[in-house]
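Please find below my notes on the model, set out as numbered points. They begin with the contacts of a single residue and then widen to the strands and the chain as a whole.

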Amino acid sequence: MTMNESLIRLSELNAADYNLNDNSIYNPVGRTAYGYNGEKIGSVRDALVEPSTGRIRFLLVDVGGW
């Protein structure tokens, strides 16, 4: 990732716009997120990715109940 590159939401990433192969991009949306002790903490709602590679940098997790 270059210093000038901003992260974007995976849901906003159009692989065709970035010359990426759709099969090479992992989509964790809907998966269960677990905490350090293995306890379920919520569900993955989206991810922040590098637009040039589709590489996931951060997960956005819905933990509810706050």
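1. Ala47 touches Ile8, Arg9, Leu10, Pro28, Ile56, Phe58, Leu59 and Leu60, leaving aside residues up to four places away in sequence, where a contact means heavy atoms within 4.5 Å. Ala47 also belongs to the largest nonpolar core, whose six residues are completed by Ile8, Leu10, Leu13, Ile25 and Val49. Such a core is a set of buried Ala, Val, Leu, Ile, Met, Phe, Trp, Tyr and Cys residues joined through side-chain atoms within 4.5 Å, and buried stands for under 20% relative accessible area, exposed for over 50%, and partly exposed for values in between (1.4 Å probe, protein chains only).

2. On provenance, this is a predicted model, in which local features need pLDDT of at least 70 and side-chain atom pairs count only at pLDDT 80 or more, while totals for chains, interfaces and linings use all residues. Residues are numbered from 1 along each chain as its sequence is written, and side-chain values use heavy atoms, with hydrogens and water left out.

3. The protein has four strands and zero helices, and its elements run β-β-β-β from the N terminus on. Both kinds of element are DSSP runs numbered from the N terminus, helices being H or I of at least four residues and strands E of at least two.

4. Strand β3 (residues 40-49) is joined to β1 by two bridges, the two running antiparallel, and within this pair Arg9 stands opposite Leu48. Three bridges join β2 to β3, again antiparallel, with Gly42 in β3 as the bridge partner of Ala33. Strand β4 (residues 56-62) pairs with β3 in the antiparallel sense over six bridges, and Asp62 in β4 is the bridge partner of Ser43. Pairing requires that DSSP find at least two bridges between the strands.

5. Two hairpins deserve a look at their backbone angles. The hairpin of β2 and β3 has five residues between the strands, and Gly38 in the turn has a positive phi of about 85°, whereas the hairpin of β3 and β4 has six residues between its strands, with Gly54 taking a positive phi near 80°.

6. Asn14 is found in the loop between β1 (8-9) and β2 (32-34), and it counts as partly exposed because its relative accessibility is 38%. Although Asn14 and Gly54 are 40 residues apart in sequence, their C-alpha atoms are 9.6 Å apart in space.

7. Of the 66 residues of the protein, 27% count as buried. Among contacts between residues at least 6 apart in sequence, 39% join residues at least 24 apart.
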